[in-house]
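User: I would like a close look at one part of this protein. Please keep it plain, since I am in my first year.

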Amino acid sequence: MISWFRKKSRIEKLKERYTSLMKKSFETALKDTEKSEKIHHQADKLFQEIKYLSLQRNDK
């Protein structure tokens, strides 16, 4: 019940967005490969940011 009121961290928000972009990329790949590649590239940028923030958090 406490988790309902807890705010999501930036990493959690980025992970959710990354997951949604990867799903969208997969679904779009069947119709338009170029658009799928663009979406996948955006998701890859988010993944790099997630990795950076995770490493930065672990250093503290």
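Leaving aside its neighbours within four places in sequence, which residues is Ile 50 in contact with?

Analyst: Two notes come before the details. This is a predicted model, where local features need pLDDT of at least 70 and side-chain atom pairs count only at pLDDT 80 or more, while totals for chains, interfaces and linings use all residues. Residues are numbered from 1 along each chain as its sequence is written, and side-chain values use heavy atoms, with hydrogens and water left out.

Now to your residue. Ile 50 is in contact with Ile 11, Leu 14, Lys 15 and Tyr 18, once neighbours within four places in sequence are set aside. Contact here means heavy atoms within 4.5 Å.

Where does Ile 50 sit? Its place is in helix α2. That helix covers residues 33-59. Helices (H or I, at least four residues) and strands (E, at least two) are DSSP runs, numbered from the N terminus. The chain has two helices and zero strands. The other helix, α1, covers residues 10-29.

Ile 50 counts as buried because its relative accessibility is 7%. The cut-offs are these: buried means under 20% relative accessible area, exposed over 50%, and partly exposed in between (1.4 Å probe, protein chains only). Across the chain, buried residues make up 18% of the 60 residues.

Ile 50 also belongs to a group. The largest nonpolar core has eight residues: Ile 11, Leu 14, Leu 21, Ile 39, Ala 43, Leu 46, Ile 50 and Leu 53. Helices α1 and α2 each supply at least two residues of this core. The largest share, five residues, comes from α2. A nonpolar core is a set of buried Ala, Val, Leu, Ile, Met, Phe, Trp, Tyr and Cys residues joined through side-chain atoms within 4.5 Å. In soluble globular proteins, nonpolar side chains tend to be buried together.

Distance along the chain is one thing, distance in space another. Ile 50 and Ala 29 are 21 residues apart along the chain, and their C-alpha atoms are separated by 24 Å. Ser 25 and Trp 4 are also 21 residues apart in sequence, and lie 30 Å apart in space, C-alpha to C-alpha.

Ser 25 deserves a look too. It lies in helix α1. Ser 25 is buried because its relative accessible area is 7%. Not counting residues up to four places away in sequence, Ser 25 touches Ser 36, Ile 39 and His 40. Its partner Ser 36 lies in helix α2. Ser 36 counts as buried because its relative accessibility is 7%. With the same neighbours left out, Ser 36 touches Ser 25, Thr 28 and Ala 29.

Last, the whole chain. Its C-alpha trace spans about 40 × 30 × 10 Å along its principal axes. The radius of gyration is 14 Å, but a compact globule of 60 residues would have one near 10 Å. That radius is taken over C-alpha atoms, and the globule rule is 2.2 Å times the number of residues to the power 0.38. Among contacts between residues at least 6 apart in sequence, 55% join residues at least 24 apart.
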